[in-house]
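Open your viewer and get ready to select a few charged side chains. We will move from one pair to the next.

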Amino acid sequence: IDELGRVVIPKEIRRTLRIREGDPLEIYTDKDGEVILKKYSPIGEISNFAKDYTESLFRSLGHIACITDKDMIVSASGVSRKELWEKPISRDLEQAIQSRQVVTANRGNGTRLVPVTSEEDAQSYTAQVICPIIADGESIGAVVLLSREPAARMGDTELKVAETTASIVG
């Protein structure tokens, strides 16, 4: 700790938590007096709302529905909770969010699918839509629709639903 009360967070911890210069952190203590650092996520603040939204998307469209922040999947419906929920997102998805890139991909027409988590291969999906969530001019996450059905195709309907959801969440 320096004379101004600043603390240096070791590089390995910053890398693990994906903390970059300028990222907001939550700092608090627990009842035992331990200091806890947590990367702040504006989407994480509305996780209950996000869960209701992904459930509604899954019931309406029949596709796996996810809402992510810039680091992990905040909510997922249509798959087991362990499969996607709170998993770190892939670098490719992180880049799509940062570049505000809307992705509509269908395996049948040869477009490249983006891996959603850093632990999986995009080959497990047959179609996807990724729409960045923009809040106050900043890209803060994404709405992701996925399918594993062999004949599934994502089209204008799925794209418009994802864009509308991203707009509302943003």
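Helices here are DSSP runs of H or I with at least four residues, numbered from the N terminus. Keep in mind as you click around that this is a predicted model. Altogether, the structure holds eight salt bridges, and this tour visits some of them.

**Stop one: helix α2.** Select residues 47–61, which make up helix α2, and show the side chains of Arg59 and Glu55. These two meet in a salt bridge, 3.9 Å from N to O; a salt bridge here requires that separation to be within 4 Å. Why can they reach each other along the helix? Arg59 and Glu55 are four residues apart, so about one helical turn separates them. Arg59 is exposed, at 60% relative accessible area, while Glu55 is partly exposed at 27%. Now add Lys51 to your selection: Lys51, Glu55 and Arg59 are linked in a network of salt bridges.

**Stop two: helix α4.** Move on to residues 91–98, helix α4. Arg91 and Glu94 form a salt bridge here, with 3.1 Å from N to O. They sit three residues apart, which again means about one helical turn between them. Is Glu94 buried or exposed? With a relative accessibility of 8%, Glu94 is buried.

**Stop three: out to a loop.** Stay with helix α4 and select Asp92, then add Arg112 from the loop between β5 (103–106) and β6 (127–135). Their closest N and O atoms are 3.6 Å apart, in a salt bridge. This pair links distant parts of the chain, 20 residues apart. Arg112 is exposed at 56%, and Asp92 is partly exposed at 29%.

Conventions. Residues numbered from 1 in each chain as written. Predicted model: local features only at pLDDT ≥ 70, side-chain atom pairs only at ≥ 80, totals over all residues. Heavy atoms only, no water. Salt bridge = Lys/Arg side-chain N within 4 Å of Asp/Glu carboxyl O. Helix = DSSP H or I, 4+ residues; strand = E, 2+ residues; numbered from the N terminus. Buried < 20%, exposed > 50% of the residue type's maximum accessible area, 1.4 Å probe, protein only.
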